[in-house]
Amino acid sequence: MAHIAGHDRSQTLLLPESLDDYVGGDNPVRFIDAFVNRLDLTAAGFVGVEAKPTGRPGYAPADLLKLYIYGYLNRVRSSRRLEAEAHRNIEVIWLLRHLTPDFKTIADFRRTNCKAFRSVFREFVLLCRELDLFGRELLAVDGTRIKAVNNKDRNFTRASLTKFIELADAKLDDYLKRLDQGDEAEAEAGTAGSRVKNLAEKIAAIRARQTRCKEMLVHLDKTGEDQISLTDPDSRAMAAHTHVAVGYNVQVAVDVKHKLIVEQQVTNQVVDMGMLTQTAEPAKEVLGVETIDVVADKGYFKIEDIEACEEAGMVPYVPRPQRGPSVRAGLFRKDEFSYDAESDSYTCPAGQSLHPYSSSLLRGLKKINYVNKLACDDCKIRRRCTNGNFRAVSRLENEAVLDRMQARLAKRPGVLDHRRETVEHPFGTIKQWMNQGAFLMRGLEKVRAEFSLTALAYNLRRVLNIVGFADLMAALAA
């Protein structure tokens with residue numbers, strides 16, 4: 001039996017097929033087209049929405065935005081690859097109506113409108129709220145590090161620059177001594193060897209690099225920064241445990257109902273501490289709720305931030321990290337001392353009461369030290385509590401906010417596991433399935449534009465799987 005045969009490529013059709021016939025009725029490109037057409041691009045901040053009366057015609061921002069949303073949804077982010085898709089991909093040809101912008105036009109659009117993509121992400125979040133896709137009861141906040149376009153060898157901290165200058169001074173002294181010794185040896189022998197010439201070249205190279213390092217130190221002193229990156233000046237060296245040498249810190253607030261990203265931002269702050277309220281409060285406003293629970297890991301633990309979170313109408317759940325000199329020494333931790341608000345005293349593991357003894361300031365907050373020297377003198381388990389003569393337990397003036405949070409965590413221990421399974425889903429999807437473990441652009445504003453498109457594509461893929469195409473298109477028409 002013969003195989004299935006195709007049509008003759010040179011055959012002329014009496015009634016040519018329509019391009020629309022090649023794109024199914026439930027193809028996501030139809031939603032992208034309708035979604036972008038509904039947006040007010042001028043209000044979003046896009047440049048060139050209204051065509052100028054004179055000059056060469058340009059591409060409409062709506063068409064290029066559709067191309068980028070399609071690209072990020074289908075793991076195509078490069079402007080050169082998007083240019084190729086516009087020539088060969090039937091879905092893109094349908095979406096752009098046979099337009100074929102070159103890669104520079106595509107790249108310039110993303111760079112020029114980098115601040116406007118966040119508004120597009122926000123519009124889709126509002127559409128998800130209309131579809132009742134958010135539980136609006138619990139937000140999971142977390143951060144991840146994504147690599148920047150900056151090699152670790154092109155990132156310098158104040159400490160590394162100072163260390164190199166010291167090493168360069170020592171190496172220069174050694175080279176100069178060897179150079180003098182070589183000059184004397186060659187003068188006695190009456191020859192001119194290549195070793196002296198090589199040493200002179202090495203000395204010149206080290207001096208040039210030492211000068212550059214000193215100039216970078218002066219720049220750090222002027223700006224007040226603690227590190228400098230040469231390829232992408234906004235990127236920063238991340239913590240060693242993140243496996244990202246130089247990159248950016250991406251923060252997200254995820255609603256636990258369907259693991260959809262409600263709020264996202266990119267910063268070059270190395271640690272997550274202090275980012276809880278900054279990330280969760282905009283998400284609360286978008287969801288339109290009076291109050292909402294917020295859970296994060298111990299990297300966000302900062303008493304001022306937790307207090308600000310409560311004041312903003314959110315209920316934080318952040319585990320307290322066990323750190324400090326007592327923990328490192330293997331002694332009793334602070335959480336093993338129970339505080340009584342009525343008597344304003346701590347009870348130690350031996351059952352003795354510690355009362356206010358002295359006070360000081362810490363980050364502008366009053367810190368009170370609780371001590372009972374007499375009880376420590378006769379305590380049988382003192383060696384398990386302190387290496388000194390007595391143990392002091394400190395308490396900040398607003399530490400009641402931590403006591404309330406600890407009581408909430410004790411009543412709801414599973415909330416931390418709920419956080420992990422919620423917030424790791426978008427990060428895993430973005431880095432593995434969407435293959436976006438590194439940024440393509442340089443600069444904080446441009447990187448933020450990239451991640452806005454990434455978060456939009458992640459949410460769109462999730463909603464298509466949850467709601468379905470027909471309901472999503474119906475929501476747009478409403």
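Trainee: Among contacts in the protein chain between residues at least 6 apart in sequence, what percentage join residues at least 24 apart?

Mentor: In this predicted model, 70% of the contacts between residues at least 6 apart in sequence join residues that are at least 24 apart. A contact here means heavy atoms within 4.5 Å, and the residues we visit later will give individual cases.

Trainee: How many helices and strands does the protein chain have?

Mentor: The protein chain has 17 helices together with 13 strands.

Trainee: What is the radius of gyration of the protein chain, and what would a compact globule of 478 residues have?

Mentor: The radius of gyration of the protein chain is 31 Å, whereas a compact globule of 478 residues would have one near 23 Å. Along the principal axes, the C-alpha trace spans about 105 × 90 × 60 Å.

Trainee: What share of the residues is buried, and what share of the accessible surface belongs to carbon and sulfur atoms?

Mentor: Buried residues account for 43% of the 478 residues in the protein chain. The accessible surface comes to about 26000 Å², and 50% of that area belongs to carbon and sulfur atoms.

Trainee: How far apart are the mean positions of the positive and negative charges?

Mentor: The protein chain has 70 positive and 65 negative charges, and their mean positions are 4 Å apart.

Trainee: Turning to single residues, where is Gln-251, and is Gln-251 buried or exposed?

Mentor: Gln-251 belongs to strand E5, which covers residues 246-255. Gln-251 counts as buried because its relative accessibility is 0%, and the cut-off for that label is under 20%. The side chain of Gln-251 is joined to that of Tyr-300 by a polar contact of 2.5 Å. Leaving aside neighbours within four places in sequence, the residues in contact with Gln-251 include Val-141, Asp-142, Glu-263, Met-275 and Tyr-300.

Trainee: Gly-247 is in strand E5 too, so to speak a second stop there; which residues does Gly-247 touch?

Mentor: Not counting residues up to four places away in sequence, Gly-247 touches Ile-146, Lys-147, Ala-148, Ser-235, Arg-236 and Met-238. With 0% relative accessibility, Gly-247 counts as buried. For a distance across the model, take Gly-247 and His-7, which are 240 residues apart in sequence and 52 Å apart in space, C-alpha to C-alpha.

Trainee: Arg-236 was named just now; which polar contact does the side chain of Glu-225 make with Arg-236?

Mentor: The side chains of Glu-225 and Arg-236 make a polar contact of 3.3 Å. Glu-225 is located in the loop between helix H9 (194-223) and strand E3 (227-229), and at 33% relative accessibility Glu-225 counts as partly exposed. Setting aside neighbours within four places in sequence, Glu-225 is in contact with Arg-158, Leu-220 and Arg-236. The C-alpha atoms of Glu-225 and Met-473, which are 248 residues apart along the chain, are separated by 48 Å.

Trainee: Is Phe-134 buried or exposed, and where is Phe-134 found?

Mentor: Phe-134 is found in the loop between helix H7 (117-130) and strand E1 (138-147), and Phe-134 counts as buried because its relative accessibility is 4%. Beyond neighbours within four places in sequence, the contacts of Phe-134 include Val-125, Cys-128, Asp-255, Leu-260 and Leu-287. Its C-alpha atom is separated by 39 Å from that of Arg-333, a residue 199 places away along the chain.

Trainee: How far apart are the C-alpha atoms of Gly-71 and Leu-82?

Mentor: Gly-71 and Leu-82 are eleven residues apart along the chain, and their C-alpha atoms are separated by 6.8 Å. Gly-71 lies in helix H3 and is buried, with a relative accessible area of 0%. Apart from neighbours within four places in sequence, Gly-71 is in contact with Val-76 and Leu-82.

Trainee: Finally, how should I read the phi values of Arg-75 and Asn-435?

Mentor: As a general idea, most residues other than glycine have a negative phi. Arg-75, which is not a glycine, has a positive phi near 60°, and Arg-75 sits in the loop between helix H3 (61-73) and helix H4 (79-88). Asn-435 also has a positive phi, of about 55°, in the loop between helix H15 (415-433) and helix H16 (444-466). Arg-75 counts as partly exposed at 40% relative accessibility, whereas Asn-435 counts as exposed at 57%.

Conventions
Residues numbered from 1 in each chain as written. Predicted model: local features only at pLDDT ≥ 70, side-chain atom pairs only at ≥ 80, totals over all residues. Heavy atoms only, no water. Helix = DSSP H or I, 4+ residues; strand = E, 2+ residues; numbered from the N terminus. Buried < 20%, exposed > 50% of the residue type's maximum accessible area, 1.4 Å probe, protein only. Polar contact = N/O pair within 3.5 Å; in protein donor to acceptor, adjacent residues only side chain to side chain. Rg over C-alpha atoms; globule rule 2.2 N^0.38 Å. Areas by Shrake-Rupley, 256 points an atom, 1.4 Å probe, with all protein chains shown as cover. Lys, Arg positive; Asp, Glu negative; His and termini not counted. Charge placed at Lys NZ, Arg CZ, Asp CG, Glu CD.
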